[in-house]
Number of protein chains: 2
Amino acid sequence: MLGVMRATVLHEVRDIRLDTVDDPRLVLDTDAVVRAVASCICGSDLWPYRGENPFTQPVRIGHELVGIVEQVGSGVSTVQPGDFVIVPFAYSDNTCAVCERGVHTACLNGGYWGGDDRQGHFVDGLQGELVRVPFADGTLVKTPTTPDESLVPHLLTLADVFPTGHHAAMCAGVTTGSTVVVVGDGAVGLSAVLAAKRLGADRVVAMSRHADRQELARRFGADEIVAERGDEGAATVREIFDGIGADCVLECVGTNDSMKQALRSARPGGQIGYVGVPHGVQLNVPAMFGRNLGLKGGPAPVRAYLPELLQDVLDGVITPGDVFDLSLPLDQVAEGYRAMDERRAIKTLLTL
Amino acid sequence: MLGVMRATVLHEVRDIRLDTVDDPRLVLDTDAVVRAVASCICGSDLWPYRGENPFTQPVRIGHELVGIVEQVGSGVSTVQPGDFVIVPFAYSDNTCAVCERGVHTACLNGGYWGGDDRQGHFVDGLQGELVRVPFADGTLVKTPTTPDESLVPHLLTLADVFPTGHHAAMCAGVTTGSTVVVVGDGAVGLSAVLAAKRLGADRVVAMSRHADRQELARRFGADEIVAERGDEGAATVREIFDGIGADCVLECVGTNDSMKQALRSARPGGQIGYVGVPHGVQLNVPAMFGRNLGLKGGPAPVRAYLPELLQDVLDGVITPGDVFDLSLPLDQVAEGYRAMDERRAIKTLLTL
């Protein structure tokens with residue numbers, strides 16, 4: 001079965017291709033093989049694509065997928081061939097001491113897609129036709145029935161981008177009546193707006209300078225848009241919120257500038273939830289201490305959040321798939337990356 | 001009334017004296033003047049005493065006091081001459097937008113003792129005989145009746161050290177059933193042990209290398225003592241807590257080493273509450289992010305916590321004053337500093 005399926009491979013900076021590669025197979029009896037229905041491109045895929053995360057050899061890429069189970073190992077009991085499943089951006093056993101506490105992205109046996117698992121067996125990236133899924137029982141969440149095609153984009157967001165926005169809101173402690181600022185108008189930031197409103201936020205300010213993203217932020221429930229950044233942006237946010245800033249700030253970028261913006265947007269005693277993978281973030285600890293600011297974030301434990309969020313998607317309560325503004329067949333994946341790199345697209349869906 | 005009362009003045013590094021200074025007087029109609037019954041020396045007073053916080057001229061010092069109201073301005077309504085009051089380590093109006101949210105140490109009109117207020121009027125340090133209290137209604141908390149002398153040490157801890165330990169526990173999210181590690185066996189760390197147990201923590205580990213402090217930690221409810229530090233300490237803590245670390249870590253020192261110890265003692269998804277004033281703390285943000293660690297801390301909003309904690313002291317539920325292991329008359333304040341500097345005392349009470 002060598003060289004049968006196609007998968008996305010990043011060869012060099014900005015040189016990404018759909019290559020023919022080995023088909024995945026069941027290696028351990030807890031594995032499943034899943035055939036892709038749709039995957040997508042994440043803002044964090046752009047870090048290696050742009051060379052900002054170095055890599056030394058061609059790498060498989062992608063970590064968001066919905067698909068149909070094709071094969072399961074003898075030890076798999078919760079999914080079976082034919083099931084429609086959501087594949088979170090990290091695999092996890094869902095049984096270890098860390099998963100028991102809901103932090104599946106730090107699973108003692110888990111890991112990320114596109115490299116070897118802890119036993120040295122290769123795990124595919126998720127921008128491809130097929131994927132070997134370790135700990136299928138722990139990792140995969142199936143839908144009750146095969147969903148209508150119109151739901152696919154919304155379900156696909158549950159693999160990463162929407163639960164990541166939700167995680168920002170949870171880490172920032174958003175609850176009924178909270179005042180909220182979202183820093184970052186990428187797909188995660190926009191998802192965070194939707195997540196904050198879903199959790200009952202009273203007033204949500206989205207910081208955005210782009211008309212199309214402002215429009216989507218409004219559609220997701222943002223009450224106000226602040227286009228300014230830096231000193232001016234912070235002053236505007238403080239003015240909106242009683243002259244002191246917001247209870248909760250959702251940092252959805254990961255740069256030092258965006259973190260600074262987030263810290264300055266919070267009121268004394270406020271809380272920053274951050275989900276942008278930090279690149280060069282330096283914290284002024286005495287300043288944070290002086291204002292009693294809290295900070296919490298990390299890779300979203302998608303698997304923990306999935307059952308609750310899935311229900312809202314199935315019930316039509318939320319339509320997080322509205323973040324996709326470009327849809328391409330998988331064989332045009334390179335154009336999908338270019339569109340996001342050049343900010344022509346917020347987020348690219350890849351169909352099969 | 002020049003040169004009548006006596007107050008502690010730090011003249012040079014390790015040169016601290018009880019000087020005769022101007023009596024305080026009512027300056028604004030929201031002021032009170034309070035006569036000291038007891039004050040004490042804080043670990044944070046040692047920073048300037050040791051020259052680790054620079055100062056350029058003699059400074060008044062001290063920020064923990066219980067006393068009797070002597071005079072009140074015409075605008076003061078909640079306390080009157082003769083009331084026994086607790087004076088928190090920060091003064092605050094208790095009415096601004098920040099105080100309304102319970103963050104009195106960032107009061108828009110408040111400040112700290114031993115310097116000018118925002119209107120340029122001098123505010124005494126609290127290691128003295130008398131003190132001008134700005135925003136008396138907002139700052140002072142009186143006891144229902146004049147307390148028995150035996151309660152004075154316990155009540156005095158409510159000015160700073162016990163609510164600060166409590167704040168560490170609150171910032172770390174300690175609740176019923178939490179697993180907890182306390183880093184630091186000074187008066188604040190020991191108070192944090194007591195606070196964590198009071199909030200319902202299941203198992204509390206105190207990190208301490210000193211027999212007398214270990215004993216007090218046990219008396220305050222610590223379930224286990226870990227004497228090791230660094231790699232060894234972190235490994236022991238992980239072993240105690242399911243191989244993954246504690247839910248909540250209370251950082252009560254403020255150095256880079258102690259913060260590192262705290263971060264390494266938390267389980268993935270765990271929360272660090274920090275109340276040691278940070279000196280040279282550098283955070284490894286990507287490492288914190290990878291483990292989904294949360295961090296929150298700052299100067300404890302004592303005024304917000306006081307009513308609840310006061311009741312427990314008056315009811316004899318807690319005896320936080322057990323942290324005092326040295327009691328001296330105010331005129332031996334220099335010896336009190338020496339004893340703490342040389343670690344001969346955990347915390348020094350000053351009587352009048």
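These legends walk you through several close-up views of a predicted model with chains A and B.

**View 1. Two chains related by a turn.** Start with the pair as a whole: a turn of 180° with a shift of 0.0 Å along the axis lays chain B on chain A, and the RMSD of this fit is 0.0 Å. This is the relation of a two-fold axis. To find the axis in the picture, look for B:Leu295, since its C-alpha comes closest to the rotation axis among the residues of chain B, at 2.6 Å.

**View 2. Where the chains touch.** Chain A and chain B each bring 29 residues to the contact. On the side of chain B, at least two residues each come from α2 (97–100), β17 (266–274), α10 (285–290) and β18 (294–297). What kinds of residues make up the side of chain B that touches chain A? There are 15 nonpolar, nine polar and five charged residues. The interface residues of chain B are, to 100%, also interface residues in chain A, so the copies meet through the same surface.

**View 3. Strand beside strand.** Zoom in on strand β18 of chain A, residues 294–297, which is joined to β18(B) by three bridges. The two strands run antiparallel. Which residue stands opposite A:Leu295? In β18(B), the partner is B:Leu295, and you may remember B:Leu295 from the first view as the residue of chain B that comes closest to the rotation axis.

**View 4. Inside the largest nonpolar core.** This core holds 238 residues, and the ones that touch the most other members are A:Val182, A:Leu250, B:Val182 and B:Leu250. Take B:Leu250 as your guide: leaving out residues up to four places away in sequence, B:Leu250 touches several alanines, namely B:Ala168, B:Ala169, B:Ala172, B:Ala192 and B:Ala196. The valines B:Val180, B:Val182 and B:Val183 are also touched by B:Leu250, and so is B:Gly273. In soluble globular proteins, nonpolar side chains tend to be buried together.

**View 5. Two residues with a positive phi.** Most residues other than glycine have a negative phi. A:Arg14 has a positive phi, near 60°. You will find A:Arg14 in the loop between β1 (5–12) and β2 (15–21) of chain A. Is A:Arg14 buried, exposed or partly exposed? A:Arg14 counts as partly exposed because it has 14 C-beta neighbours inside 10 Å. Now look at B:Asp242, whose phi is also positive, near 55°. B:Asp242 belongs to the loop between α8 (230–240) and β16 (246–251) of chain B. With 15 other C-beta atoms within 10 Å, B:Asp242 is partly exposed.

Terms used
Residues numbered from 1 in each chain as written. Chains lettered and ligands numbered in written order. Predicted model: local features only at pLDDT ≥ 70, side-chain atom pairs only at ≥ 80, totals over all residues. Core = buried A, V, L, I, M, F, W, Y, C linked by C-beta atoms within 7 Å. Buried ≥ 20, exposed ≤ 12 C-beta atoms within 10 Å, placed from the backbone. Contact = placed C-beta atoms within 7 Å. Least-squares fit on C-alpha atoms with pLDDT ≥ 70 in both. Helix = DSSP H or I, 4+ residues; strand = E, 2+ residues; numbered from the N terminus. Nonpolar A, V, L, I, M, F, W, Y, C, P; charged D, E, K, R; others polar. Pairing = 2+ DSSP bridges.
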